[in-house]
Amino acid sequence: MQKVASLPLPSADALAASTALSTVIGDAIAAAGGWISFDRFMSLALYAPRLGYYSGGAAKFGRDAGDGSDFITAPELTPFFARTLARQFAPLVAMDLPHVMEFGAGTGRLASDLLLALETEGVLPQTYSIVELSGELRARQQETLARRAPHLADRVTWLDALPDRFEGVVVGNEVLDAMPVRLFARNHGQWHERGVVRDGDTFAYQDRQLDDAEVPAVLRDFPGDHDVVTETHAEAEGFTRAVGAMLARGAAFFIDYGFPAAEYYHPQRAGGTLMCHYRHHAHPDPFLYPGLQDITAHVNFTGIAEAAVDAGLSVAGFASQARFLMNAGITDLMMSLDPSDARAFLPQANAVQKLLSEAEMGELFKVIALTRDLDDALPLAGFARGDRSFAL
């Protein structure tokens, strides 16, 4: 198994689980004739039953490598993230949309903080549904809710799949980036699909040349003629269409890092956006410790918007995370803290600064809102200024 000297070594048990997953992936490659597409590899690495990164026992979410985690998300940084979302959601929940659904609930921190904040806003939802396939994450979410919001835990239910019909508010924070992507490489003007083969006790890339008709439409006009590696996002776009088919009335908010297509497929972005996270180290090798690291790609928000429109939804707003949070009132909420109490104020101020700073999460992360039958609720406060829907 490949190792990187600068990264922490897994425990013996973790290595054994990774080796078991490598065997599963290797068997899939053999069954497919020696080559699988990268999205198939990524799907197995992240979601193979009991062994994949999100379906296994890896810690995933946390503050630093010392707690065994690999990355931190906005809800884990500060409760002011959820409190600000609650200010945007509250008018919708109050408008005969008393149900909330979350995808990618992680540790359950966003769910608990959102419920507490909506309670403070006086518009507690009747139900809060979490779509979660991982038994390990579901247990962590239940523990978090029981500890942080025990009087509200009975409002939360867990789903294995999307319901046929839903009216309410949908939220997904850092969900789309974890959906498998296909990899493509343009070499000397010819497009190839980049797949995965067995290479001894690890894996390697192998490119397969494509006929012109096989090249995805989004890549056919990629600017320039230089060599390029990039991704396409059929699974995330399919997921968006499924949400659109489910959402009979309401709004869906997705928060993630990414770009509109014109920036995503920019000639200067010649290496793509695929990235891995292991023990709070970011690196580009998806074949390191399968099942023990996250594999992500930035989101093509134009593709998400087009998929939503195909499903009958409207794009109600698209903005940077910083602009959305400021529009929705995060700075007003921060005024509840006493700046003279440095012990309480400084950690929260630093966390909020990370959410808003262009050098941190403020500009790279975007918020997109997709709605159906909500003309009476528009415009949404989070997009009152700085809406970039025109760029999609």
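This is a dialogue in which a visitor learns to read a predicted model of a protein chain, feature by feature.

Visitor: Where should I begin, and how many helices and strands does the protein chain have?

Guide: Begin with the inventory of regular elements, keeping in mind that the model is predicted. The secondary structure here comes to 12 helices and 18 strands. For overall extent, the C-alpha atoms of the protein chain fill a box of roughly 60 × 45 × 45 Å along the principal axes.

Visitor: What does the radius of gyration tell me about the protein chain?

Guide: The idea is to set the value beside the one expected for a compact globule of the same number of residues. For 392 residues that expectation is near 21 Å, and the protein chain has 21 Å, so the two agree. Contacts add to the picture: among those between residues at least 6 apart in sequence, 77% join residues at least 24 apart.

Visitor: How much of the protein chain is buried, and what makes up its accessible surface?

Guide: A residue is called buried when its relative accessible area is under 20%. By that cut-off, 55% of the 392 residues count as buried. The accessible surface comes to about 16,300 Å², and 51% of that belongs to carbon and sulfur atoms. As for charge, there are 31 positive and 50 negative side chains, with the centres of the two sets 3 Å apart.

Visitor: Which residues have the most contacts inside the largest nonpolar core?

Guide: That core has 57 residues, and those with the most contacts inside it are Leu 85, Leu 92, Leu 114, Tyr 128 and Phe 253. Helix H4, residues 79-94, gives the most to this core, with nine residues. There is also a second, separate core of 36 residues, which includes Leu 21, Ile 36, Tyr 54 and Val 228.

Visitor: What is Phe 253 in contact with, beyond its neighbours in sequence?

Guide: When residues within four places in sequence are left aside, the contacts of Phe 253 include Gln 88, Phe 89 and Leu 92, and also Val 169, Val 170 and Val 171. Further along the sequence, its partners include Phe 324, Ile 368, Leu 380 and Phe 383.

Visitor: Phe 324 belongs to helix H10, I believe; how many residues of H10 are buried?

Guide: Helix H10, residues 321-328, is mostly covered, since six of its eight residues are buried. These are Gln 321, Ala 322, Phe 324, Leu 325, Asn 327 and Ala 328. The elements that cover them include H4, strand S12 (247-259), strand S17 (314-320) and helix H12 (342-356). After the helix comes Gly 329, whose phi is positive, near 105 degrees.

Visitor: Which residues other than glycine have a positive phi, and are they buried or exposed?

Guide: Two cases can be set side by side. Arg 50, in the loop between helix H2 (38-47) and strand S2 (60-61), has a phi near 70 degrees. Its relative accessible area is 71%, and therefore Arg 50 is exposed. Tyr 289, in the loop between strand S14 (281-283) and strand S15 (294-296), has a positive phi of about 45 degrees. Tyr 289 is buried, because its relative accessible area is 1%.

Visitor: How do I read separation along the chain against separation in space, for instance for Gly 224 and Pro 267?

Guide: One compares the number of residues between two positions with the distance between their C-alpha atoms. Gly 224 and Pro 267 are 43 residues apart along the chain, while their C-alpha atoms are separated by 6.3 Å. Gly 224 lies in the loop between strands S10 (202-209) and S11 (228-232), and Pro 267 in the loop between helix H8 (261-264) and strand S13 (275-278). Gly 224 is exposed, with a relative accessible area of 54%, whereas Pro 267 is partly exposed at 31%. Beyond its sequence neighbours, Pro 267 is in contact with Phe 222, Pro 223 and His 226.

Visitor: What does His 99 touch, and where is it found?

Guide: His 99 is found in strand S4, residues 99-103, and it is partly exposed, with a relative accessible area of 23%. Not counting residues up to four places away, His 99 touches Gln 126, Thr 127, Phe 166, Glu 167, Gly 168 and Val 169. The C-alpha atoms of His 99 and Gly 250 are separated by 9.5 Å, although 151 residues lie along the chain from one to the other.

How values were computed
Residues are numbered from 1 along each chain as its sequence is written. This is a predicted model: local features need pLDDT of at least 70, side-chain atom pairs count only at pLDDT 80 or more; totals for chains, interfaces and linings use all residues. Side-chain values use heavy atoms; hydrogens and water are left out. A nonpolar core is a set of buried Ala, Val, Leu, Ile, Met, Phe, Trp, Tyr and Cys residues joined through side-chain atoms within 4.5 Å. Buried means under 20% relative accessible area, exposed over 50%, partly exposed in between (1.4 Å probe, protein chains only). Helices (H or I, at least four residues) and strands (E, at least two) are DSSP runs, numbered from the N terminus. Contact means heavy atoms within 4.5 Å. The radius of gyration is taken over C-alpha atoms; the globule rule is 2.2 Å times the number of residues to the power 0.38. Accessible areas come from the Shrake-Rupley method with a 1.4 Å probe; for residues, only the protein chains shown count as cover. Lys and Arg count as positive and Asp and Glu as negative; His and the chain ends are not counted. The place of a charge is taken as NZ of Lys, CZ of Arg, CG of Asp or CD of Glu.
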